[in-house]
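Subject: Structure handover

Hello,

Here is the structure I promised to pass on. Please open it beside this email and follow along.

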Amino acid sequence: MTLAGILSQLLQIAVAIALAPILVGWVNQCRALLQGKRPPPLLVPYRTIRKLFAKDAVVAGNASPIFRVTPYVVFGAMCCAAAIVPSLATALPFATAADAIALVGLFALARVFTALAAMDVGTSFGSLGARREMFVGFLAEPALLMVLFTASLISGSTSLPTIVDTLAHRELAIYPSLAFAGVAFTMVSLAENARIPVDNPATHLELTMIHEATLLEYSARHLALIEWASALKLFNYSCIGLALFVPFGIAEGTSGLAILAAAPVLVAKLAAGGAVLALIETVSAKLRIFRAPEFLGTAFLLAVLGMLVKLLLGS
Amino acid sequence: MNLRPLGVAPEPVRAAMATQRAQVSSGQLLTACRLGWEGGARLVALWGSDERDRQRGFRVRAVLEDRDGLTVLDHTLLREDARYPDLTPIFPAAARMQRATYDLVGIAAEADDQRPWLWLAGWPIDRFPLRRDFEPDPRWEPGEEDYAFVRVEGEGVHEIPVGPVHAGIIEPGHFRFQVVGEKVLRLEERLGYTHKGIEKRFESLSIADGAKLAGRVSGDSTVAYAWAYAQAVESLADVVPPPRATWLRALCLERERVANHLGDLGALGNDAGFALGLAQFSRLREDVLRRNEAAFGHRLLMDAVVPGGVARTLDTANALAIRDDAIRLRNEVAELRSLYDEHAGVQDRFRGCGVLANDVAHKLGVVGLAGRASGIDADLRRDLPVAPYDALAIEPATAATGDVAARVAVRFDEVLGSLRAIEVIIDKLGDPSLPPAIDTPLKEVADGSLGLGYVEGWRGPVLVALESGPGGSIRRCHPHDPSWQNWPAIEYAVIGNIVADFPLINKSFNLSYSGHDL
């Protein structure tokens, strides 16, 4: 582990933490524009986070320590995930410690804590949200694993930097297995990030909420961390998607110049990805909750198809 | 409605539509209601009043509507512990009205359900605000109330209380769900959180000042309430508003309908997760409201309708603009309608969701838009038309399925129908043979007479019953919102649906809290 490697690693985490809220702001801007509305300023998510940090936290009297530590655990899990997802560079010293399966585990950890905290205070919405959150999670995670397995089969490794290195060096062509996996991954990302059509992050209707219902009891710094972690999660998913399906332009060394050159490429790719997300959200309506299994079942099926195509046809 | 089989002689009441009134005994009240139900009548409203200062004890008043017009049935209770017959076996909609009557006047029906309805421990339970000897006391502390919700027992059943404080800034209502998993077994509503004593306040106002308060009973239906109040005053004062005023009133009422339907259509899209619909419909609604401001001086048209006529006339420039708006709006609404109709995701949420079957709607006496979406072909603008609707030939929009999609479809049809009506009205207003007068002076109102106003607002028919006191004062004024009839229908419409669909179903009815809680 070289000093440059550590620096590159730290830089990448810092970039993720700093850029994540902008990505959310950008998606909101695109969505407003697509709906024919005047877009909100790009930096609104930062202002929200700053505002929340300045407030006094209110915690229910019967909240256990789980409720208090959850924001930190979730935020920490997302930071760890940012450390092993290649966004700027593939030379990530930490990535040897955790592979793609561990990444799924990190997301699951955050989800389990969110669900526990939601049930902790004992409000009916918290339990309702926790139940729905786990319901979506147990359908989404297998599909995500399948997508990652498909990519692993191609590169022969479950380590994300290796996968990305391999994919980035293949000649430019359409690979059916990756195409299937790409569609599946997009569907899973929508579900995992509580976006339309599975969940609606903008709703105020507590009865329809999935992810938001688990957060109703949080305020101030706790809520700020959770919001930030949600932004990081979206950022991480976007980076996984970009790294797997459009890996071009990522820095392969730890040289400052390569990373510097990779940064604008990453921003451009994220901007395009965010616009696509906003487009999907604008043209779809929210699914009835019990349609979510069909939606995620389709994602799983596509991911399995991708793997079968790779295994049977080798393409 | 023919009351002769009962052996009572009804007296006619001066009102904008055919109205009769009869004093009935408890037996006659029940018989009249049963005969009415069999003859296709429905219960419009039921309320009580304290008549002890006139040595008449207490009075329960029920109003029925059928195709002949309105029938007012008065029943006197000489003692406060006397009970009047329970009308719920005939008209289930009477249940909450009877309970509210007890909360406010302190006279009870012979019903099983004696739980309070509007009383939320805001005043002592043995005091009744609408009694003439009621003295409020600032030392009263808000109390605790222990409301007996009906619970469902069984394996895996759990209870979700929602509201009156919600996650968003919306109106206060409490909804108690009994669910298994996501499926709703039972919903029980608890309302009254916006009770502000409107009926009591009316009693301290003069008939002239009451118009402003009537226009604020439910802000989204201000034209309907103001018009109904104006009708009541005009029937008391025995004046007829000039024709131009009635056309202008109809213009306001149809614009109110358009604005509210547009808002609801957007909100329904949004509740289905289709924010594009909200953005587009909000824009259209805003255009309507801004034109209202320019033409009538108020975005929601408050105080545009006044007893005797209307507050201001419409100038030519605004009339032309309203006409142009209506034509443009019609095209845009048609375009958005095809967007909703062809969007698989939106249709999947709307169709088959929150079904209110025709027989249930009929039994519950569901009115207005929600009723028409369940196949109840009733619209005052056609059934009991007052000027100028007798000349407008409104064709009610109905649908058969009774689901959210049906209520959306009826809204679309009504917006288009109202826009057509607006064009006709504007043409009529431009007719030089229409006299320019827009109001008529009100005459002195005699003490102790009853006036009724009944107007098809955008939600359904709004009733205002006004009783005069000495010297132009209000003795008793009872505004009745169609939401009274329709709130119980939501409890039926959600059964078997999933909890997450409740907001969509609720929005598809979009009932008034303020108009109901008074």
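Below is what was found, starting with confidence and ending with the domains.

Confidence. Please keep in mind that this is a predicted model. Chain B has a mean pLDDT of 91. In that chain, 100% of the residues reach 70 or more. For the complex, the predictor gives an ipTM of 0.84. The pTM is 0.91.

The sheet in chain B. Look for three strands of chain B that form an open sheet. Their order is S11-S12-S13, and the pairing is antiparallel. Which strands sit at the edges? They are S11(B), residues 450-456, and S13(B), residues 474-480. Each of these two pairs on one side only. From one strand to the next, the twist averages 10°.

Now take the pairing of S11(B) with S12(B), which spans residues 461-468. Seven bridges join the two strands, and they run antiparallel. For a landmark, find Tyr454(B): Leu463(B) in S12(B) stands opposite this residue.

Two helices of chain B pack on this sheet.
- H4(B), residues 207-214, touches S12 and S13 of chain B. The direction of H4(B) makes about 20° with that of S13(B).
- H5(B), residues 222-237, touches S11, S12 and S13 of chain B. The direction of H5(B) makes about 150° with that of S11(B).

The contact between the chains. How many residues does each chain give? Chain B gives 26 residues and chain A gives 22. On the side of chain B, four elements give two or more residues each. They are strand S6 (157-162), helix H7 (275-296), helix H9 (344-350) and helix H16 (502-509) of chain B. By class, the residues on the side of chain B that touches chain A divide into 15 nonpolar, six polar and five charged.

The domains of chain B. The domain assignment gives domain 1 as residues 4-109. Domain 2 is written in two stretches, 242-300 and 309-440. The C-alpha centres of these two domains of chain B lie 32 Å apart. Where they meet, nine residues of domain 1 are in contact with six residues of domain 2. What classes make up the side of domain 1 of chain B that touches domain 2? That side has six nonpolar, one polar and two charged residues.

A good place to start is the sheet, with Tyr454(B) and Leu463(B) standing opposite each other. From there, move on to H4(B) and H5(B), which pack on the sheet.

Best wishes

How values were computed: Residues numbered from 1 in each chain as written. Chains lettered and ligands numbered in written order. Predicted model: local features only at pLDDT ≥ 70, side-chain atom pairs only at ≥ 80, totals over all residues. Pairing = 2+ DSSP bridges. Axes fitted to C-alpha atoms, helices over the stretch in contact; angles between N-to-C directions. Contact = placed C-beta atoms within 7 Å. Nonpolar A, V, L, I, M, F, W, Y, C, P; charged D, E, K, R; others polar. Domains from an automatic or database assignment. pLDDT = per-residue confidence, 0-100.
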